[in-house]
Amino acid sequence: MRVQITDERSNQTSFSAWEKITNGVPQGSVLGPLLFLIHVNDLPKTINDNNITVLFADDTSIIVKSPNPKDFQTNMVEAFDHVNKWFKVNSLSINVKKTHYIQFKTKNKPTFDINIVCDNNSITPVTDIKFLGIYLQDSINWSCHIQYIIPKLSSACYVIRSIRPINTLKTVYYDHFNAIITYVLPFWGNSPHSTEINKMQKRIVRIMMGYRNRVSCRSLFKRLEILPLMSQYIISLMFFVAKNKHFFILNSENHTKSTRQLNNLHHPITNLTVYQRGAHYMGIRIFNNLPQYIKDISNNVKKFENCLKQFLHIHSFYSLEEYFQHKFF
């Protein structure tokens with residue numbers, strides 16, 4: 001292998017001497033990513049069944065769970081030791097500066113002091129971390145992620161102020177605003193902090209239609225055929241439910257009594273607020289509250305999405321309370 005260097009100013013090209021590659025592949029090669037995925041494919045097998053390994057390109061994450069504090073600490077240390085040994089055996093190394101651990105917990109639960117060491121370097125604990133474009137917090141309240149996307153949405157508002165044709169405005173809206181708010185929306189859309197995004201969306205709709213701040217946006221959303229944030233949350237979450245029915249249980253699987261709710265999703269009993277606001281629990285509540293004619297076509301994902309989108313464009317729900325209180329016939 002040799003390296004080619006081209007000077008753009010003089011348009012001159014120079015080459016390094018030929019050298020033999022004993023391991024690895026050239027950076028930027030087409031085959032490199034595929035060979036790397038094959039190379040790390042057996043990494044999850046080094047972790048016991050109680051833990052979950054998540055691989056995405058060259059990012060490796062391990063999910064460790066245990067209700068017992070001592071077991072949790074033991075599993076954390078053992079899982080990391082197994083991974084560290086696998087890396088060394090396979091001629092790879094862990095970037096300690098980019099390696100952290102985060103403890104997800106409820107508001108009143110304490111954080112455990114866990115010492116994880118890699119080659120005499122301690123792995124630092126963090127309270128929030130960026131993972132595949134989203135910010136995760138130990139308290140799972142999504143405030144960090146929302147604060148992360150607000151500057152991007154503000155930039156979209158600024159750009160739209162200087163654009164006039166409505167078709168161009170809608171294109172910019174969907175490319176630079178809607179694409180940001182719909183990313184993993186089923187997970188953060190029900191956060192109390194999402195009200196800030198709701199206000200920004202109303203502001204940008206008023207800018208697009210040329211109205212002042214105090215004008216009601218409900219009719220503007222319908223005229224632009226844009227879904228309010230909470231309606232967008234509903235359709236995103238329902239699309240997730242329809243595509244992942246295997247994560248949910250029907251009432252008919254729990255009992256055989258002939259009731260009107262027999263084909264609804266089974267509603268688990270829980271008092272944990274963070275779970276009640278989550279995608280699984282809220283997905284069940286919202287799905288069960290849908291009009292029957294929409295629920296009946298949920299197995300046809302495309303038809304279900306189109307029908308639900310039409311339904312939400314008609315009603316333009318501003319909040320989940322408004323959606324749950326609405327009487328569907």
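A residue counts as buried under 20% relative accessible area, as exposed over 50%, and as partly exposed in between. Val-77 has a relative accessible area of 25%, so Val-77 is partly exposed. The structure here is a predicted model. This briefing covers three helices, then four single residues.

**Helix 3 on its own**

- Helix 3 runs over residues 143-161 and has 19 residues.
- At 1.5 Å a residue, helix 3 should span 27 Å. Its end C-alpha atoms are 27 Å apart, so the expected span and the model agree.
- Helix 3 bends by about 30° at Ile-150. A proline, Pro-151, follows within four residues.
- Which residues of helix 3 are buried? They are Ser-143, His-145, Ile-146, Ile-149, Ile-150, Leu-153, Ala-156, Cys-157 and Ile-160. The site of the bend, Ile-150, is thus on the buried list.
- These buried residues pack against strand 10 (134-137), helix 4, helix 5 (185-188) and helix 6.

**Helix 3 against helix 4**

- The axes of helix 3 and helix 4 come within 9 Å. They cross at roughly 175°.
- Angles over 145 degrees count as roughly antiparallel, so helix 3 is roughly antiparallel to helix 4.
- From helix 3, the contact uses Ile-149, Lys-152, Leu-153, Ala-156, Cys-157, Val-159 and Ile-160.
- From helix 4, the contact uses Leu-169, Val-172, Tyr-173, His-176, Phe-177, Ile-180 and Ile-181.
- By class, this contact has 12 nonpolar, 1 polar and 1 charged residues.

**Helix 4 against helix 6**

- Helix 4 covers residues 166-181, and helix 6 covers residues 195-209.
- Their axes lie 11 Å apart, and the packing angle is about 170°.
- Parallel or antiparallel? With that angle, helix 4 and helix 6 are roughly antiparallel to each other.
- Helix 4 brings Ile-166, Leu-169, Lys-170, Tyr-173, Phe-177 and Ile-181 to the contact.
- Helix 6 brings Ile-197, Met-200, Gln-201, Ile-204, Met-208 and Met-209.
- The residues of this contact divide into 10 nonpolar, 1 polar and 1 charged.
- Some helix 4 residues appear in both contacts, among them Leu-169, Tyr-173, Phe-177 and Ile-181.

**Asn-51, a buried loop residue**

- Asn-51 sits in the loop between helix 1 (32-39) and strand 3 (52-56).
- Buried or exposed? Asn-51 has 7% relative accessibility, so Asn-51 counts as buried.
- Not counting residues up to four places away in sequence, Asn-51 touches Ile-62, Ile-63, Val-64, Lys-65, Asn-75 and Ala-79.

**Val-77, a partly exposed helix residue**

- Val-77 is placed in helix 2 (residues 69-89).
- Leaving aside neighbours within four places in sequence, Val-77 is in contact with Ile-114, Asn-115 and Ile-116.
- Val-77 and Asn-11 are 66 residues apart in sequence. In space, they are 54 Å apart, C-alpha to C-alpha.

**Two residues with positive phi**

- Val-184 is found in the loop between helix 4 and helix 5. Val-184 has a positive phi of about 50°, although it is not a glycine.
- Ser-316 is found in the loop between helix 12 (301-315) and helix 13 (320-325). Ser-316 has a positive phi of about 45°, and it is not a glycine either.
- Ser-316 has 1% relative accessibility, so Ser-316 counts as buried.

Technical notes. Residues are numbered from 1 along each chain as its sequence is written. This is a predicted model: local features need pLDDT of at least 70, side-chain atom pairs count only at pLDDT 80 or more; totals for chains, interfaces and linings use all residues. Side-chain values use heavy atoms; hydrogens and water are left out. Axes are lines fitted to C-alpha atoms, for helices over the stretch in contact, and angles run from 0 to 180 degrees between N-to-C directions. Angles under 35 degrees count as roughly parallel, over 145 as roughly antiparallel, 65 to 115 as roughly perpendicular and the rest as oblique. Contact means heavy atoms within 4.5 Å. Ala, Val, Leu, Ile, Met, Phe, Trp, Tyr, Cys and Pro count as nonpolar, Asp, Glu, Lys and Arg as charged, and the others, Gly among them, as polar. The expected span of a helix is 1.5 Å times one less than its number of residues. The bend at a residue is the angle between axes fitted to the seven residues ending there and the seven starting there. Buried means under 20% relative accessible area, exposed over 50%, partly exposed in between (1.4 Å probe, protein chains only).
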